[in-house]
Protein chains: 2
Amino acid sequence: MESESKIQSVARALFILDTLAEARVELALNEIATRLSLAKSTVHGLISTLKDFGYIEQSTFTGKYKLGIRLFEVGQIVAHGWEVRAIAAPYINKLLEELGETVHLVVLDRLEVLYIDKRESVQSLRIVSQVGMRLPAHCTGVGKVLMAYLSPEQRTEIISRKGLAQFTRNTLTEVKALEDEFARIRAQGFAIDNEEIMESLRCVAAPIRDQSGEVVSAISVSGPVFRMKDEHLEKAIQCVTKTAEEISSGLGYRSKERSRSTSDSFSGRF
Amino acid sequence: MESESKIQSVARALFILDTLAEARVELALNEIATRLSLAKSTVHGLISTLKDFGYIEQSTFTGKYKLGIRLFEVGQIVAHGWEVRAIAAPYINKLLEELGETVHLVVLDRLEVLYIDKRESVQSLRIVSQVGMRLPAHCTGVGKVLMAYLSPEQRTEIISRKGLAQFTRNTLTEVKALEDEFARIRAQGFAIDNEEIMESLRCVAAPIRDQSGEVVSAISVSGPVFRMKDEHLEKAIQCVTKTAEEISSGLGYRSKERSRSTSDSFSGRF
DNA sequence: GACAATATTCGGCATTATGGAATACAGTTT
DNA sequence: AAACTGTATTCCATAATGCCGAATATTGTC
């Protein structure tokens, strides 16, 4: 359990936060001390410092500890720092209106897909997802899109460090099959997750680029296979790729091949 | 600048996070070291530990430091821990549909109002607000609601520690006037912010209670005075108080005076 | 090629964190 | 009312750990 980061006490304090984050419930000092194999008094000192700064709170009734509001507050500062999130917001709303399916906005972080925003379908069968959630990249539409535009070395790192776990019978677990898929994604400009992480879940995902042309994010629409097919699927592909292009424009990306103007898609929005 | 919390190095590390949070931009190591009056090498050790855990990131280009994604991730865990946020979500949507004005959900934290969720009006004139934002309690609709249901001692603490800053000519800055206002709020069950924090901004706010009957949160609708008047204002009051009651019900609150049933308001929603 | 940013490493000194034991407090059982 | 079990909190001697200043590395710019 011991990671030998530079400053021991700071590393231990952050380990306490990680422990509380993982637990999702209040923990007693004793419990935390046991998990970290430290003396109660040591943990108490660390926690009390974290508490002073609002990063940990202590329940008035049980006396146990949980993550503090300050983490939410600072986390929101990080969230507001993502330009793509602000720019994408109205487009995500529009996409939900157009298709009636759950929309996700994600980035790649630490070799995984991190969900940074969503708008949920009102339809009865919904996808279970949470902003802040992580999923493996190789078996999600957004993950495959993001991987497709990485360098081969970066893809290799993800695959070797994270593996290719099988979730359903459709999950791609062979490197060869995945590389073919990435080539297809780059050629067509979008990805489809066809029940690769969960039975009966189909997604359409497209890349979002910033002004440097780098793929920084991905957007997707997810729904049950019984809806995500035929014309509705075609429409979803159209809408998602178009929306991704619009968001990219908003980020300052200018397509090299100055093809069909994306600017007229702004008309009537504001 | 020195707060003498138990564990020096941890306190310093958290101070670095606070500094980055306040700055909102990337900072150079030197800059941070200067602000905290510490040696560069000391700060470097602390930062490098924070970096290992994802709480700080280093820009690939500038080499400078900024808050890390992990803060967003952990912050979302805190957010998902708030039962009221999950339960209120569909009602907030409904309220926006009904009134077309910006809706906010807030809690009281560290003597201030903290915005934990919002749904934004699509109308051109919008209220500037951010989830994660803090505002003083005495001059906002939601803040006055939350204060109204505190104990007199708690109210006194807020007033003495935070003061009663004047933002507009309508801001209540006299204790007597505020206490009258709190009594009125308790009597009528809602609060109105009549341009007390910002010119031309009017809000309607109502309290949300949990199963113990304690007021744990508040909800509000905000709009420009030229819309928030007459029948529209009346309707807003109706909708906001009704919605607050519905959310309270969802949290397990059962009104003592079993008056008009709040349960039928669920009909047709699911 | 020099300069001005940036970050990073090193090693000796003493400040600082550590952990075990003792204490406190609150609730529950006998 | 006393014993017990759960919680947190305080104390203090010890030495391990974090600290600082100086030196070094790295990167970009003029």
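What follows is a working chat about a predicted model of two protein chains with DNA strands C and D.

Biologist: How are chain B and chain A related in this predicted model?
Modeller: Chain B is superposed on chain A by a rotation of 180° with 0.1 Å of shift along the axis, and the RMSD is 0.1 Å. That is the relation of a two-fold axis, and the same surface serves both copies, since 100% of the contact residues of chain B recur in chain A.

Biologist: On to the DNA, then. Which residues are closest to strand D?
Modeller: The closest are A:Gln8, A:Leu29, A:Ser41, B:Ser41 and B:Thr42, out of 22 residues that surround DNA strand D. Two or more residues each come from α1 (8-23), α2 (29-36) and α3 (40-52) of chain A, and likewise from α1 (8-23) and α3 (40-52) of chain B.

Biologist: Which element gives the largest share there?
Modeller: For DNA strand D that is α3(B), with five residues. By class, the surface near DNA strand D divides into seven nonpolar, 11 polar and four charged residues.

Biologist: And what surrounds strand C?
Modeller: DNA strand C is surrounded by 23 residues, and the closest of them are A:Ala39, A:Ser41, A:Thr42, B:Gln8 and B:Leu29. Here α3(A) gives the most, with five residues, while at least two residues each are supplied by α1 and α3 of chain A and by α1, α2 (29-36) and α3 of chain B. The classes near DNA strand C are seven nonpolar, 12 polar and four charged.

Biologist: Changing topic: where is A:Lys64?
Modeller: A:Lys64 lies in the loop of chain A that runs between β1 (56-58) and β2 (65-67). Leaving aside residues up to four places away in sequence, A:Lys64 touches A:Glu26, A:Leu27, A:Ala28 and A:Ser59. A:Val25 is 39 residues away from A:Lys64 in sequence, yet their C-alpha atoms are 9.5 Å apart.

Biologist: Why does A:Lys64 count as partly exposed?
Modeller: Because A:Lys64 has 16 C-beta neighbours inside 10 Å, and that class lies between the buried cut-off of 20 or more and the exposed cut-off of 12 or fewer.

Biologist: Last one: what is the strand order of the sheet in chain B?
Modeller: The six strands of this open sheet run in the order β5-β4-β3-β8-β7-β6, with antiparallel pairing, and the edge strands, each paired on one side only, are β5 (134-135) and β6 (191-194).

Biologist: How many bridges join β6(B) to β7?
Modeller: Four bridges, in the antiparallel sense, join β6(B) to β7 (residues 201-209) of chain B, and B:Ile192 has B:Val204 as its bridge partner in β7(B).

Notes. Residues are numbered from 1 along each chain as its sequence is written. Chains are lettered from A and ligands numbered from 1 in the order in which they are written. This is a predicted model: local features need pLDDT of at least 70, side-chain atom pairs count only at pLDDT 80 or more; totals for chains, interfaces and linings use all residues. Two residues are in contact if their C-beta atoms, placed from the backbone, lie within 7 Å. A residue is near a molecule or strand if its C-beta atom, placed from the backbone, lies within 6 Å of it. Ala, Val, Leu, Ile, Met, Phe, Trp, Tyr, Cys and Pro count as nonpolar, Asp, Glu, Lys and Arg as charged, and the others, Gly among them, as polar. Copies are superposed by least squares on the C-alpha atoms of residues with pLDDT of at least 70 in both. Two strands pair if DSSP finds at least two bridges between them.
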